[in-house]
Every structure is written in structure tokens, then in C-alpha cells.
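Good morning, and thank you for making time for this short presentation. Please turn to the sequence and the structure, which I shall now put before you.

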Amino acid sequence: MANDSNKFQAIISHCKEYGFIFPSSEIYDGLQAVYDYGQMGSELKKNIKDYWWKSMTQLHDNIVGIDAAIFMHPTTWKASGHVDNFNDPMIDNKDSKKRYRVDHLIEGFAEELRIKGEKESNEADNLLGQMDSLLAKDDFAGLKTLIETNKIKCAVSDTCNWTDIRQFNLMFSTEFGSTVSSDDEDNKVYLRPETAQGIFVNFLNVQKTGRMKIPFGIAQIGKAFRNEIVARQFIFRMREFEQMEMQFFIRPGTQKEWYEKWKTTRLEWHKSLGIPAEKYRYHDHVKLAHYADAACDIEFEFPIGFKELEGIHSRTDFDLKQHQEYSKKKQQYFDNDVDPTTGKAYGNYIPYVIETSIGLDRMFLAVMSHAYEEQDLSTAEKQDSRVVLKFPPKLSPIKLAILPLTKRDGLPEIAEQIMNDCKADFRCFYEEKDSIGKRYRRMDALGTPFCVTVDHQSKEDNTVTIRHRDSMEQERVAIADLKNIVLNAIG
Ligand code: GAP
């Protein structure tokens, strides 16, 4: 059984071997922190997206979805504050010339302390507490002293020979057409670093055309790009990734109540997938982003430790106000509900916003790392083991594998008939190669919740053996009942 420190490596290898995730452009040795999803990975990713989209839009009468472009007018990013503020404090090691994000460097060291078993002394927590308060004050000299006094070393050079800490903007830029020079700061076109701004600039379009009444939300799933400096944690930190974001527009003054509501709602969504509550925890932000008056992360216990999976941010009216100022177009809502304290309509205002923002790739990693299990199945007679991905059935790339016992005697024909009956309702997979045992193992490694074996008895009584992935139990069921058994499990 892989322990936590090598479980991460085992998952990365498994993802590659079974067609979940490949390094991008691998034949050219890959591109750092960019990954491609394979035939199994893209199915799992799509199922996660669908689960989020349905829970946000279909199950909330007052939330609608959009799909905005990745390129946006460059002024968007001046208004949002990303040109001036989307920086991270960085430090370079003078010997290796390697650059680190300061918080990641310190967090990595704190994690090492924890792994070494020094948790009781609270050393790691103290260190992170000191880091948070220095970050909150933008005290870069203090942060450098913290790194030096703790003798935090560069992983490459193994030295503590650090430069001063500097700010570094994380946005990628390019130019449109052939006339604009990329040196011309005013004409830079950015690859969006968050999907949120596509929602803000469409706030009035959606509100008016959808006749939306506050409170209401706009959801979006899409690509985002960040020039991450330390990008070596597989799909946890990528340069091109996907976000699933929702901006919830509310009346000013109600933000505390809605912030708490969305914190709870989002944690419940995670738990609804059957992943135990103790794998999650909240982390309240001490240093708030330039747009927030409250913020927290939902952290998940990845094999690399508890880390941010989703952010819940109370963004005030910052974004809409900024877009109003920069575009010179009013971003107001007229609220004709009556304020009980004044007896008059609330009237015109710029709405406040609560944001929920989850990384799709991080959610993929959370689902994958919780599902991955290496099991020893040895008996007194023989050594045996399996790798199984215990995905929630609704997220599994394949729901039902259909396996004829032999390639003869009319069994493939019955199996093909089952395949044809079921494939419009959920993803099925047909396989007649190898022994049944080997085919089961392969389906376990892909996370397929159900396998059916068509055997000679099937010809007599129209039944098959259904095998359950997690318990490995097998039972005889009527072919006519198969579809409903699977649909009930994935519903
Ligand atoms: N609109 C708010 C926003 O973008 P964020 O905390 O910077 O907030 C939200 O990002 C989520 O996006 C994170 O919780 C994380 O899941 C995901 N994310 C951020 N940077 C990422 C990266 N480089 N690779 C993968 N996921 C990332």
C-alpha cells in the first residue's frame, strides 16, 4: 500500500497509465505545469463539471450560466486591479537562480516540519501564523528574515542564499493583429487570470435580458491562465487551468449573511459526493485580496497535505464599481422592493457580490486522490492485489462494462444487445479480450462501478452476473433490470 508521501507519485503514474492525464506535448518532453486530459480524464472532468453546473444552475431558480470569451478588453484588467495588484511576493535563490513564491516556500517548509512529526510543538502552525501576519502587512523584510532564521533552503541548490523579496505579476499577455507592439502596455491583451470578470462585465446584459431580480447569481465554467512560478505539483498548480465560478449579486448590507450561507452551501456540495467531512476544513484569510471584505478557502486533504480547493469571497461592490468608473457606464440595479425600515423602495444601487470559485482541475485531483486505493487481496493460497478507483458512480468515466465470458456461442451477441440498450443512457464499455479476472481488474483501475458478465446461463434465463466494484460482490440479475440498477446508482 502506498503511504501518503508516495501516494501522490502513484496517482500521477496511474493517471498516465490509464488515460486520465498526460503531460502536454509529451513527445517534445512536455511543457511545465501544462497537462492534457486523456480519454478517461476528459470523461471524469466533464462529469465533475456537469455535477457542479447542475447543482448551481438547474437546482437554483435564481442562478443562470454564461460562457464568456477568454480575451477581454484590456481595460477590464485595469479596472479589476489585476494589472496593478495581481502580484505575488517572490524570492530568488542566488545559487540555483530558481524563483519561489514566498508563501509556497514557507508552506512547503511547514509541511516538511509536519511530516517530520514536529506537529506537537506547533512549530509549523507558529511559522504559518507568523507568515500570515507578515503577509497581511506586506512586510517583505520581515518575511525574508523569517525564511533566513528558519534556515529554509532552496530545493535545488540546498542553500539559504536568497535575494530580497519582490512583486511579480502573474498575468500572461499577447497582442491582437500585427500592428500592436507587445511592449505597448496600453494595448496588451491578457489571457484571463480568472473567469469572474467575464461575469461582471455581463452583469447588466444578463440581469436585463434574463429579468433577474436580486438576489441572483451568474455561473461560469472556463479556462484561466496564470504564470505560476512554482508550478510543480501536477494538476494542483497549473499555468492553464479551469475554474467553476459563481458571482451572487446581493443587496448592500446583506453580505455577511450570504457569505455564511454560501460557505455552508459549498461545503455541503462537496460532502454530497460522499467524501467524508474530515477531509475538508475552512481556512479564513488573514490577508484579504484587494477586492474582498471577507474570504475563506475550503481546503481538502490532498496526499500533499491540506490545501486550497475552493475560495469563497465577499467581493463587496468593488468590481462593478470599478467597471462603472472605467467604462463610464452605470452598473446599477433598481430594486423596487420596499425597505421595511424606511417604508420606501430600496431604489438604485450597485450590488454587492459573494463569489464561489473552485478549480476544476483541483476538484479532479481531490476526487482522484480520495478514490485511489491499493488493496492487498492475498489469501493463504495466493498473492493478489488491485488498484481501485472508488469514484462516486455518478462521476465514473465508464458506468457499466459489458463482458461476454467467451467470444463464442452467441454470448457476444447478447452483450452487444445490452450495450445497445444502455449506451444512450450512460457510458458503457464492451470488452471481450483477456480472462474475466483481468478484465475486472482493468475496470477497477478505471473506476467502473459495475461490470456484467454474460455467460451460458444468460442464454437460458436472460440473466447476467453483475459485479460491484467496491465490494467485489457478484449477484445474478435479470438483463431487463440492468439499466435501472445503474441509473439508480448514478442518479
Ligand atoms: N475569482 C477568484 C479567484 O480566481 P483564486 O483563489 O485565485 O480566486 C480560485 O482561485 C480557485 O481556482 C482556487 O481555489 C483553485 O482551486 C483554483 N486555482 C487557482 N490557481 C490555480 C492554478 N494555478 N492551477 C489550478 N487551479 C488553480
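I begin with a definition: a charge is said to sit over an aromatic ring if the NZ atom of Lys or the CZ atom of Arg is within 6 Å of the ring centre and within 35 degrees of the ring normal. Under that rule, Arg251 places its charged end over the ring of Tyr346, at 3.8 Å from the ring centre. Arg315 does likewise with Tyr291, where the distance to the ring centre is 3.7 Å. I should say at once that this is a predicted model.

Let me now give the overall picture. The protein chain contains 16 helices and 23 strands. Its C-alpha atoms fill a box of roughly 75 × 65 × 55 Å along the principal axes. Of the 491 residues in the chain, 51% are buried.

I turn next to the ligand. Which residues come nearest to the ligand? Among the 21 residues around it, they are Glu194, Arg226, Met238, Glu245 and Glu308. Two of these glutamates also have short distances to report. In Glu194, a polar side-chain atom lies 2.6 Å from a nitrogen atom of the ligand. For Glu245, an N or O atom of the side chain is 2.5 Å from a ligand nitrogen. A further residue, Glu355, has a polar side-chain atom 2.8 Å from a nitrogen atom of the ligand. How much of the ligand does the protein cover? On its own the ligand has 560 Å² of accessible area, and the protein covers 93% of that.

Where do the residues of this shell come from? Strand S10, residues 240-250, strand S13, residues 305-316, and strand S16, residues 352-359, each supply at least two of them. S13 gives the most, with 6 residues. By type, the shell consists of 10 charged, 6 nonpolar and 5 polar residues.

My next topic is the aromatic rings. In general, a pair of aromatic rings is described by the distance of the centres and the angle of the planes. A search of the whole structure finds 18 aromatic pairs. In one of them, Phe8 and Phe234, the ring centres are 6.4 Å apart and the planes are at 80°, so the pair is edge-to-face. Phe8 belongs to helix H1, residues 4-17, while Phe234 lies in the loop between strand S9, residues 216-225, and S10, so this pair ties together parts that are 226 residues apart in sequence. Are these two residues buried or exposed? Phe8 has a relative accessibility of 8% and Phe234 has a relative accessible area of 6%; since buried means under 20%, Phe8 is buried and Phe234 is buried.

A second edge-to-face pair is formed by Tyr100 and Trp162, with 5.6 Å from centre to centre and 80° between the planes. Tyr100 is in strand S5, residues 99-101, and Trp162 is in the loop between helix H7, residues 140-149, and strand S6, residues 166-169, so the pair ties together parts 62 residues apart in sequence. Both Tyr100 and Trp162 are buried. In addition, Phe200, Phe203, Phe216 and Phe249 form one aromatic cluster.

Finally, I draw your attention to Gln39, which is located in helix H2, residues 39-58. This residue is partly exposed, with a relative accessible area of 46%. Gln39 and Pro397 are 358 residues apart in sequence, yet their C-alpha atoms are 8.8 Å apart in space. Thank you for your attention.

Technical notes. Residues are numbered from 1 along each chain as its sequence is written. This is a predicted model: local features need pLDDT of at least 70, side-chain atom pairs count only at pLDDT 80 or more; totals for chains, interfaces and linings use all residues. Side-chain values use heavy atoms; hydrogens and water are left out. A residue is near a molecule or strand if one of its heavy atoms lies within 4 Å of it. A polar contact is a pair of N or O atoms within 3.5 Å; within protein, one must be able to donate a hydrogen and the other to accept it, and residues adjacent in sequence count only if both atoms are side-chain atoms. Accessible areas come from the Shrake-Rupley method with a 1.4 Å probe; for residues, only the protein chains shown count as cover. Helices (H or I, at least four residues) and strands (E, at least two) are DSSP runs, numbered from the N terminus. Ala, Val, Leu, Ile, Met, Phe, Trp, Tyr, Cys and Pro count as nonpolar, Asp, Glu, Lys and Arg as charged, and the others, Gly among them, as polar. Rings of Phe, Tyr and Trp (its six-membered ring) pair if their centres lie within 6.5 Å; planes under 30 degrees apart count as stacked, over 60 as edge-to-face and the rest as tilted. Buried means under 20% relative accessible area, exposed over 50%, partly exposed in between (1.4 Å probe, protein chains only).
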